[in-house]
Amino acid sequence: MMIRKYMATARMAVQDKTNGGAWYLLPDIVMKVIYLVPVMFIWRSLAESGYEIEMSVTQLLSYTYVNALLTDLMVVETCLSAWNYDTKSMEMFTRPMPAFGQVISRTIGEWTPMLVLFSAPMFLAAPLLGIQVLPETLWVVPSLALSVSLGFAFEFLFYCVTIRLRNVAWLTYVIRSAVVSFFSGTVIPFKILPFGMDRWIDYQPFGSLGGAFLSLYVGSAEVSRVIPLQLFWNIVIWTAAALWFRKSRERMVSFGG
């Protein structure tokens, strides 16, 4: 019965995203392509310029391409930021479903249209563009699941921060987006960072987000290091998020939402 509720929530989220028809998503698709083309050109030029990096041209292009196809999953963003801004987060506590399940099912539903209309066709078109999109190992499947799980944990954690700071939700969101985008390794692969930064930066919690999955995908990281780190940070961050969310919920309700 609970699964049906989650599926219904996801279905409503899909309908909400496609309420204006498939053409409604066209601007988002165009922006993804506009981002993808110059970044791939930059990586190709960097690799061919003689700059010494630990990734091949093929790996760099695949890394960027797959990141663009799965960008929503690489760094998870949910409705929590907007909800806390417009006080709609109180709705979570008036429905007969756990708050965590509501947010996760709704977010997965919001991902679905873009995955079907953009990611799937671009994945099939990759060989025509000379892009290698087949993963180097099947360990990318659990790695992706752990990455997405950790992304949701961070969402609830940052949601608690915005509750604590109350009226600076937007500022918190902007700072969080900038920090996570860099330290997750989705914008710039850790392997091409200078001064050996990759040797320590991928051990921080954000490094187990999309960058860890992408590194496994293109074969620039070892399974024996990535998966244990992702498991460790999932346990730590989810524990912190669950405990802090419980306290923050009490604080939000006691202050009137």
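Here is a quick tour of how the helices of this protein pack, taken from a predicted model. The fold comes to eleven helices and zero strands, so from the N terminus on you read α-α-α-α-α-α-α-α-α-α-α. Of the 257 residues, 45% are buried. The bullets below go through the overall picture, then three helix pairs, then a few residues.

**Overall picture**

- The accessible surface adds up to about 13,700 Å², and carbon and sulfur atoms account for 67% of that.
- Take the contacts between residues at least 6 apart in sequence: 80% of them join residues at least 24 apart.

**Helix 6 with helix 7**

- Helix 6 covers residues 99–125 and helix 7 covers residues 140–165; their axes come within 12 Å and cross at roughly 120°.
- That angle falls outside the ranges for parallel, perpendicular and antiparallel, so the two helices, 6 and 7, are oblique to each other.
- The crossing of this pair, helix 6 and helix 7, is right-handed.
- On the helix 6 side, the contact uses Ala99, Phe100, Val103, Ile104, Thr107 and Trp111, while helix 7 brings Val148, Phe152 and Phe156.
- Sorted by class, the residues in the contact of helix 6 with helix 7 are eight nonpolar, one polar and no charged.

**Helix 3 with helix 6**

- Helix 3 (residues 57–69) also packs with helix 6, here at an angle of about 155° and with the axes 9 Å apart.
- Angles over 145 degrees count as roughly antiparallel, so that is the label for helix 3 and helix 6.
- Helix 3 puts Tyr65, Ala68 and Leu69 into the contact, and helix 6 answers with Leu115, Phe118, Ser119, Met122, Phe123 and Ala125.
- The class count for helix 3 with helix 6 is eight nonpolar, one polar and no charged residues.

**Helix 3 with helix 10**

- Helix 3 and helix 10 have their axes 9 Å apart and pack at an angle of about 135°.
- The pair of helix 3 and helix 10 is therefore oblique, and the crossing is right-handed.
- Gln59, Ser62, Tyr63, Val66 and Asn67 of helix 3 make this contact with Gly211, Phe213, Leu214, Ser215, Tyr217 and Val218 of helix 10.
- In the contact of helix 3 with helix 10, the classes come out as six nonpolar, five polar and no charged residues.

**A closer look at helix 10**

- Helix 10 spans residues 210–218 and is mostly covered, with nine of its nine residues buried.
- The buried residues of helix 10 are Gly210, Gly211, Ala212, Phe213, Leu214, Ser215, Leu216, Tyr217 and Val218.
- Just past the end of helix 10, Gly219 takes a positive phi of about 80°.
- Leu216 sits in helix 10 and has a relative accessibility of 2%, so it counts as buried.
- Leaving out residues up to four places away in sequence, Leu216 touches Glu136, Thr137, Trp139, Val140, Ser143, Ala221, Glu222, Val223, Val226 and Ile227.
- Leu216 and Tyr63 are 153 residues apart along the chain, yet their C-alpha atoms are separated by 9.6 Å.

**Other residues to look up in the viewer**

- Ser62 belongs to helix 3, and with a relative accessible area of 3% it is buried.
- Beyond residues up to four places away in sequence, Ser62 touches Ile131, Gln132 and Val218.
- Leu46 is part of helix 2, which runs over residues 26–48.
- With a relative accessible area of 24%, Leu46 is partly exposed, since the cut-off for buried is under 20%.
- From C-alpha to C-alpha, Leu46 and Val57 are 8.9 Å apart in space, and they are eleven residues apart in sequence.
- Phe158 lies in helix 7, and its contacts, not counting residues up to four places away in sequence, are Arg176, Val180 and Phe206.
- Phe158 and Tyr173 are 15 residues apart along the chain, with 8.2 Å between their C-alpha atoms.

Definitions and conventions:
Residues are numbered from 1 along each chain as its sequence is written. This is a predicted model: local features need pLDDT of at least 70, side-chain atom pairs count only at pLDDT 80 or more; totals for chains, interfaces and linings use all residues. Side-chain values use heavy atoms; hydrogens and water are left out. Axes are lines fitted to C-alpha atoms, for helices over the stretch in contact, and angles run from 0 to 180 degrees between N-to-C directions. Helices (H or I, at least four residues) and strands (E, at least two) are DSSP runs, numbered from the N terminus. Angles under 35 degrees count as roughly parallel, over 145 as roughly antiparallel, 65 to 115 as roughly perpendicular and the rest as oblique. A crossing is left-handed if the near helix is turned anticlockwise from the far one by less than a right angle, and right-handed if clockwise. Contact means heavy atoms within 4.5 Å. Ala, Val, Leu, Ile, Met, Phe, Trp, Tyr, Cys and Pro count as nonpolar, Asp, Glu, Lys and Arg as charged, and the others, Gly among them, as polar. Buried means under 20% relative accessible area, exposed over 50%, partly exposed in between (1.4 Å probe, protein chains only). Accessible areas come from the Shrake-Rupley method with a 1.4 Å probe; for residues, only the protein chains shown count as cover.
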